[in-house]
Amino acid sequence: MASNEEILAGLAEIVNEETGLAAEAVEMDKSFTEDLDIDSISMMTIVVNAEEKFGVRIPDEEVKNLKTVGDAVSFIANAQA
Amino acid sequence: MARKVVITGLGATTPIGGDVPTMWKNALKGVSGAHTLEDDWVAKYELPVHFAARASTPALDVLTRVEAKRMDPSTQFAVVASREAWADSGITEIDHDRLAVAFATGIGGVWTLLDAWDTLREKGPRRVLPMTVPMLMPNGPAAAVSLDLGARAGAHTPVSACASGTEAVHVGLDLIRAGKADVVVCGGAEAAIHPMPIAAFASMQALSRRNDDPEHASRPYDRDRDGFVMGEGAGALVLEAEEHALARGARIYAELAGTSVTADAYHITAPDPQGLGATRALKAAMFDGRIQPEDIVHVNAHATSTPVGDKPEYAALKAALGKHVDSVAVSATKSQMGHLLGASGAVEAVLTVMAIYDRKAPVTINLENQDPEIPLDVVTTARDLPAGSIAALSNSFGFGGHNAVIAVRSV
């Protein structure tokens with residue numbers, strides 16, 4: 001079971017790997033599309049990598065609800081619980 | 001009167017140089033880009049061929065990691081070469097609606113395709129990357145170059161196996177002559193040094209098996225040639241309507257005088273032994289460029305180093321050039337860099353343009369005992385080409401019976 005801080009750090013690493021964005025830029029209140037300029041294809045890659053990293057399943061229909069980094073962190077934390 | 005088309009930019013990433021100046025210096029010196037492959041898959045799959053000619057500068061040394069991530073290795077090479085060609089052209093302002101791309105590949109995104117297949121089998125469909133299709137599609141290189149340069153007059157992908165790169169130059173010329181574009185970035189890219197294509201080419205007995213001596217394996221026209229050597233990389237040329245180039249005071253390397261494409265309709269892989277399709281292509285390119293055989297001083301031959309392939313090309317050159325064939329300096333540059341498949345015609349077009357511009361014919365290495373049935377004047381040490389108006393040809397032939405020829409003239 002990872003803490004929210006650990007999930008955020010892991011997610012930031014995945015985002016950095018996919019987009020080159022600095023990990024520090026990946027903050028809880030940031031929107032994936034508006035703030036981080038992540039397109040739908042990168043988002044799917046991030047989702048699949050997050051599934052593997054955190055051992056969770058993020059259904060495709062759920063991805064559109066993950067607007068901010070915080071949304072993703074909460075979803076992963078709940079899925080792990 | 002057709003629009004005159006000139007060449008104003010060159011780019012390349014090859015086994016003998018990661019850019020045009022390095023490649024050209026080595027091409028005149030005569031070096032080999034073939035080396036033993038250190039990859040664990042060579043032993044794992046017990047491949048019968050243990051060597052190839054890898055690009056001397058990995059694409060990841062030039063592109064950022066994130067840029068490269070969305071590109072198959074073939075597309076990475078295409079972007080590297082086309083950026084060099086574009087910068088070399090010195091074009092700073094352009095009507096992007098009049099800029100087109102014609103970028104070829106022979107095999108396409110084979111690494112992406114087979115990696116995705118492995119992922120599907122080992123990890124299931126969820127792990128297959130969402131970028132897989134745009135990465136594996138054969139138009140990936142053309143699309144990436146179009147996106148990179150903002151080319152909106154169309155992005156074309158001629159696919160004709162090992163004639164693809166030359167056919168891309170042919171398409172580029174046609175686009176400008178037809179008034180559909182003023183500038184075309186054309187070229188070819190290939191990245192197929194992967195165990196499956198190596199196994200497949202080896203299975204058809206097309207590859208040299210000189211495993212103990214890779215540097216001497218590619219030996220076009222030599223009596224002891226035993227197949228080609230796989231290479232990888234890309235070549236790119238900026239073609240420009242002459243009036244467009246003159247208006248901006250561009251440095252002009254040469255005129256792309258004429259091009260042609262023919263098909264053998266003889267056999268799916270074997271060349272017509274009399275080289276009839278190649279002869280028609282040579283004659284058509286010279287006719288298209290208003291060039292007489294006597295104008296030709298240099299030929300960059302297709303010459304892959306296979307026992308069956310090199311001879312019909314000689315027959316075709318003899319038929320097309322007549323007795324003048326004896327006075328032509330012939331270079332077989334695959335001796336140095338191996339066979340870049342769909343990129344080979346583009347890289348050889350760059351070399352042919354440099355030969356005309358620099359007035360020097362590049363070197364054919366590994367010619368120790370010339371096949372007596374191919375009595376061409378083969379350039380084995382860099383040779384000066386004459387002053388005055390000169391022209392050169394570059395040939396490419398591909399599985400499927402594709403023949404493509406370009407004719408380049410000095411300006």
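Helices and strands are here runs of residues assigned by DSSP, at least four residues long for a helix and at least two for a strand, and they are numbered from the N terminus. By that reckoning, chain B of this predicted model contains 14 helices and 14 strands. Chain A, in contrast to this mixture, has four helices and zero strands, and its elements follow one another from the N terminus as α-α-α-α.

Let us begin with chain A as a whole. Its radius of gyration is 11 Å, close to the 12 Å that the globule rule gives for 81 residues, so chain A is as compact as a globular protein of that length. Along the principal axes, the C-alpha trace of chain A spans about 30 × 25 × 20 Å. Of its 81 residues, 27% count as buried, and among the contacts in chain A with a separation of 6 or more, 56% join residues that are 24 or more positions apart.

Within chain A, one pair of helices shows how such elements can pack. Two packed helices are described by the angle between their axes and the distance between the axes. For helix α1 (residues 4-19) of chain A and helix α4 (residues 69-80) of chain A, the axes come within 10 Å and cross at roughly 120°. That angle makes α1(A) oblique to α4(A), and the crossing in which α1(A) passes α4(A) is right-handed. On the side of α1(A), the contact is made by Asn4(A), Ile7(A), Leu8(A) and Leu11(A), while α4(A) contributes Val69(A), Ala72(A), Val73(A), Ile76(A) and Ala77(A). Sorted by class, the residues of this contact are eight nonpolar and one polar, with no charged residues.

We can now turn to chain B. A compact globule with 411 residues would have a radius of gyration near 22 Å, and chain B, with 20 Å, agrees with this. The C-alpha atoms of chain B fill a box of roughly 60 × 55 × 40 Å, taken along the principal axes. Of the 411 residues of chain B, 58% count as buried, and residues 24 or more positions apart account for 81% of its contacts with a separation of 6 or more.

A pair of helices can be followed here as well. Helix α11 (residues 276-288) of chain B and helix α12 (residues 310-321) of chain B pack with their axes 8 Å apart, at an angle of about 40°. These two helices, α11(B) and α12(B), are therefore oblique to each other, and α11(B) passes α12(B) in a right-handed crossing. The contact involves Ala278(B), Thr279(B), Leu282(B) and Lys283(B) from α11(B), together with Pro312(B), Glu313(B), Ala316(B), Leu317(B), Ala319(B) and Ala320(B) from α12(B). In the contact of α11(B) with α12(B), seven residues are nonpolar, one is polar and two are charged.

Single residues let us look further into chain B. Ile374(B) lies in the loop between β11 (360-361) and β12 (383-384) of chain B, and with 21 other C-beta atoms within 10 Å it is buried, since a residue counts as buried at 20 or more. Ile374(B) and Glu313(B) are 61 residues apart in sequence, yet their C-alpha atoms are 9.2 Å apart in space. Leaving aside neighbours within four places in sequence, Ile374(B) is in contact with Tyr221(B), Asp310(B), Lys311(B) and Tyr314(B).

The loop between β11 and β12 of chain B also holds Asn366(B), which has a positive phi of about 70° although it is not a glycine. Asn366(B) is buried, with 24 other C-beta atoms within 10 Å. Gln205(B) is another residue other than glycine with a positive phi, near 65°, and its place is in the loop between α9 (195-203) and β7 (233-241) of chain B. With 13 C-beta neighbours inside 10 Å, Gln205(B) counts as partly exposed.

Phe77(B), by contrast, is found in a helix, namely α4 (residues 73-89) of chain B, and it counts as buried with 34 C-beta neighbours inside 10 Å. Not counting residues up to four places away in sequence, Phe77(B) touches Thr13(B), Ala55(B), Ala59(B), Ala189(B), Ala191(B), Gly233(B) and Ala234(B).

Finally, we come to where the two chains meet. Eight residues of chain B are in contact with six residues of chain A. On the side of chain B that touches chain A, the residues divide into four nonpolar, one polar and three charged.

Key:
Residues are numbered from 1 along each chain as its sequence is written. Chains are lettered from A and ligands numbered from 1 in the order in which they are written. This is a predicted model: local features need pLDDT of at least 70, side-chain atom pairs count only at pLDDT 80 or more; totals for chains, interfaces and linings use all residues. The radius of gyration is taken over C-alpha atoms; the globule rule is 2.2 Å times the number of residues to the power 0.38. A residue is buried if 20 or more other C-beta atoms lie within 10 Å of its own, exposed if 12 or fewer, and partly exposed in between; C-beta atoms are placed from the backbone. Two residues are in contact if their C-beta atoms, placed from the backbone, lie within 7 Å. Axes are lines fitted to C-alpha atoms, for helices over the stretch in contact, and angles run from 0 to 180 degrees between N-to-C directions. Angles under 35 degrees count as roughly parallel, over 145 as roughly antiparallel, 65 to 115 as roughly perpendicular and the rest as oblique. A crossing is left-handed if the near helix is turned anticlockwise from the far one by less than a right angle, and right-handed if clockwise. Ala, Val, Leu, Ile, Met, Phe, Trp, Tyr, Cys and Pro count as nonpolar, Asp, Glu, Lys and Arg as charged, and the others, Gly among them, as polar.
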